[in-house]
Number of protein chains: 2
Amino acid sequence: MNTASTTSLSFSSRLASTIKRRGSAACIGLDPRRDQLPSCLGANTAVDPKNLAAIYSRFCCDVIDVVAPLVPIVKPQLACFEMLGPHGMTALADVIAHAHAKGLLVLADGKRGDIGSTAEAYADGWLAGPWGTDALTVNPYLGLDSIEPFVKLASERNAGIFVLVKTSNPGSKDFQELLADGRTLYQHVASGVEQFAARTAAGETYGAVGAVVGATWPRQLDELRAAMPHTWILVPGFGKQGGRAADVRGAFHSDGLGALVVSARDVIFAHARPEMNTGLSESQWQTAVDRACRDMIERLAADTPAGVLRK
Amino acid sequence: MNTASTTSLSFSSRLASTIKRRGSAACIGLDPRRDQLPSCLGANTAVDPKNLAAIYSRFCCDVIDVVAPLVPIVKPQLACFEMLGPHGMTALADVIAHAHAKGLLVLADGKRGDIGSTAEAYADGWLAGPWGTDALTVNPYLGLDSIEPFVKLASERNAGIFVLVKTSNPGSKDFQELLADGRTLYQHVASGVEQFAARTAAGETYGAVGAVVGATWPRQLDELRAAMPHTWILVPGFGKQGGRAADVRGAFHSDGLGALVVSARDVIFAHARPEMNTGLSESQWQTAVDRACRDMIERLAADTPAGVLRK
């Protein structure tokens with residue numbers, strides 16, 4: 001179940017080799033939502049959280065079966081499982097185990113952040129710990145000393161973290177773009193992230209610490225790629241939130257590495273997209289997922305340096 | 001289990017009335033840690049997460065039995081349960097249910113934060129949802145639109161949120177004290193929090209939105225109490241992290257309301273404090289918890305406006 005602890009390779013090098021093997025830098029977000037699942041799965045008529053959690057687990061595992069040959073990594077959205085209570089967390093554990101069994105890396109999207117021994121507890125849980133996940137998204141608001149415990153454990157356990165820098169939502173301007181000492185808050189955070197990344201790179205190109213930068217900010221992706229040479233950039237907001245392939249070009253280095261582009265709803269709920277579900281009944285929803293996943297990968301290959309990954 | 005959904009009273013008014021009934025504004029943090037539990041509970045020799053989770057649950061429920069007559073609210077630290085995997089989450093649910101059965105309000109300390117429908121999912125889970133908790137701590141880094149879904153659901157469900165403003169750790173200076181447009185980041189956040197609080201107050205003194213300000217910053221507690229008249233202030237960092245009763249004075253209004261002061265380790269691990277465990281065997285650790293909890297309440301009563309709560 002726990003791939004990270006059974007390897008002596010860093011998260012970064014495992015990520016790079018899996019990206020090359022798949023020929024793709026796409027990350028599929030696993031965000032099950034009751035009212036968006038194919039109706040044949042019965043989520044809308046499930047009467048208790050235990051049943052709904054079982055449906056979420058089955059749905060995500062079925063998505064994983066489709067995307068595992070195509071992408072290097074999946075990103076379960078912890079909120080979607082947490083909202084079902086303890087049964088949701090059991091379903092999450094099943095989904096993580098299935099993703100690993102299919103050769104995928106797993107990034108827990110929890111945006112955790114706390115101080116001292118509490119940060120250590122989150123790191124212990126989510127970085128190659130009992131949940132088995134290989135990496136975790138982290139919120140930097142509490143300061144650099146709150147990120148340190150995550151950096152330390154990620155480095156020790158060959159796991160990774162992705163720190164929020166510039167998020168994809170319009171409201172990211174409220175605080176992240178405040179200008180202090182000639183730099184925006186997100187630039188201050190990026191500077192700290194790059195230092196953590198460089199420190200943990202240990203002679204490799206990238207360190208154990210990545211950044212989250214939304215696909216909705218093409219200019220900032222260019223700027224941050226240049227400012228953070230040792231940092232993987234996780235790019236959410238592709239598709240539904242408005243980001244197009246050309247918008248995320250700047251997140252990549254010229255060798256096609258350095259970025260992971262996330263799509264969730266556009267791929268996992270592709271059964272509801274007319275351009276993906278043509279000729280399919282709803283029970284064939286996995287075929288729509290396959291089409292949407294391949295479509296995303298092709299668009300990334302056409303408009304970004306990720307094209308060089310496809311020999 | 002779910003007190004919030006069975007009442008038509010706002011979180012704020014339930015909090016105020018429980019504080020008055022107990023005569024105390026202390027919040028006990030439930031942060032079980034394997035190596036700090038009384039050794040008679042066997043945590044250090046528990047071999048699997050399921051056994052350890054059961055010990056955490058028993059320990060927290062035993063703490064609750066002691067503090068329930070003395071304090072209005074407890075604050076389980078989600079990280080401590082998450083780090084045990086799914087079994088830890090089941091233990092957490094048991095602890096929450098036990099706290100409610102004993103008449104306590106329950107604040108989930110998860111420091112969650114995300115955007116759009118993901119923020120809605122966290123809010124749905126933790127604000128009078130399947131976990132049954134009455135309130136949740138929230139991280140503001142993603143911006144005001146990321147806090148909105150929490151505010152909306154807290155208001156609808158008579159639940160509450162506490163948004164991180166100025167945290168107790170030294171590294172809170174890194175970003176929270178950056179100066180932009182003549183105000184620090186934490187002051188910008190505080191301004192947004194107060195607006196949410198005022199908007200949700202609905203004629204009452206306080207709204208559904210509180211703030212987290214560390215006990216290690218007495219000057220900022222004074223300043224923020226004045227700047228956020230409609231906002232409950234949750235004050236962690238009392239005791240072990242260095243904050244004393246006099247330091248948290250500024251968080252209160254003169255009627256003894258407006259603040260909740262958190263102590264976790266000093267109370268729940270009081271068996272390890274020589275001044276609290278005199279004459280006790282380790283199996284009498286609950287007596288040490290009782291002494292430490294009363295000691296904290298007395299110190300708050302002596303040195304803060306909370307003294308007026310004790311008739």
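**Group meeting talk: helices, contacts and two valines**

Let me start inside helix 5 of chain B, where the buried residues are Thr118(B), Ala119(B), Ala121(B), Tyr122(B), Ala123(B), Asp124(B), Gly125(B) and Trp126(B). I should say at once that what you have in front of you is a predicted model, and everything I describe this morning should be heard with that in mind.

Helix 5 of chain B is mostly covered, in that eight of its 11 residues are buried. What do these buried residues of helix 5 of chain B pack against? Within chain B they pack against strand 3 (105–112), strand 4 (135–138) and helix 6, and they also pack against helix 3 (78–82) of chain A. Just after helix 5 of chain B comes Ala128(B), which has a positive phi near 55°.

That brings me to the contact between the chains, which takes 51 residues from chain B and 51 residues from chain A. On the side of chain B that touches chain A, the elements that give two or more residues are helix 3 (78–82), helix 4 (86–101), helix 5 (116–126), helix 6, helix 7 (172–176), strand 6 (179–180) and helix 8 of chain B. Which of these elements gives the most to that side of chain B? The answer is helix 5 of chain B, with seven residues, the helix that we have just seen to be mostly covered. Sorted by class, the side of chain B that touches chain A has 25 nonpolar, 18 polar and eight charged residues.

Let me turn now to chain A as a whole, which has 11 helices and 10 strands. Its radius of gyration is 18 Å, close to the 19 Å that the globule rule gives for 311 residues, so chain A is as compact as a globular protein of that length. The C-alpha trace of chain A spans about 55 × 40 × 40 Å along its principal axes, and 65% of the 311 residues of chain A count as buried. If we take the contacts in chain A with a separation of 6 or more, residues 24 or more positions apart account for 72% of them.

Next, a word on how helices pack. In general, two packed helices are described by the angle between their axes and the distance between the axes. In chain A, the axes of helix 5 (residues 116–126) and helix 6 come within 8 Å and cross at roughly 30°, and the crossing is right-handed. Helix 5 of chain A brings Ala119(A), Glu120(A), Ala123(A) and Asp124(A) to this contact, while helix 6 of chain A brings Ser146(A), Pro149(A), Phe150(A) and Leu153(A). The residues of this contact of helix 5 with helix 6 in chain A divide into five nonpolar, one polar and two charged.

Helix 6 of chain A (residues 144–156) also meets helix 8 of chain A (residues 185–201), and here the axes come within 11 Å and cross at roughly 25°. Why do we call helix 6 and helix 8 of chain A roughly parallel? Angles under 35 degrees count as roughly parallel, and the two helices cross at roughly 25°, so helix 6 and helix 8 of chain A are roughly parallel to each other. Their crossing is right-handed, and the residues in contact are Leu144(A), Ile147(A), Val151(A) and Ser155(A) of helix 6 with Gly192(A), Phe196(A) and Thr200(A) of helix 8. By class, that contact of helix 6 with helix 8 in chain A has four nonpolar, three polar and no charged residues.

In chain B, the axes of helix 6 and helix 8 likewise come within 11 Å and cross at roughly 25°, and this crossing is right-handed.

I will finish with two valines, one from each chain. Is Val248(B) buried or exposed? Val248(B) lies in the loop between strand 9 (233–235) and strand 10 (259–263) of chain B, and it is buried, with 30 other C-beta atoms within 10 Å. Apart from neighbours within four places in sequence, Val248(B) is in contact with Ala215(B), Leu221(B), Val235(B), Phe238(B), Gly243(B), Ala259(B), Val261(B) and Thr304(B).

Val308(A), by contrast, is found in the segment after helix 11 (285–303) of chain A, and it is partly exposed, with 14 other C-beta atoms within 10 Å. Again leaving aside neighbours within four places in sequence, Val308(A) is in contact with Asp255(A) and Gly256(A).

Methods. Residues numbered from 1 in each chain as written. Chains lettered and ligands numbered in written order. Predicted model: local features only at pLDDT ≥ 70, side-chain atom pairs only at ≥ 80, totals over all residues. Axes fitted to C-alpha atoms, helices over the stretch in contact; angles between N-to-C directions. Helix = DSSP H or I, 4+ residues; strand = E, 2+ residues; numbered from the N terminus. Left-handed = near helix turned anticlockwise from the far one by under 90°. Contact = placed C-beta atoms within 7 Å. Nonpolar A, V, L, I, M, F, W, Y, C, P; charged D, E, K, R; others polar. Buried ≥ 20, exposed ≤ 12 C-beta atoms within 10 Å, placed from the backbone. Rg over C-alpha atoms; globule rule 2.2 N^0.38 Å. Parallel < 35°, antiparallel > 145°, perpendicular 65-115°, else oblique.
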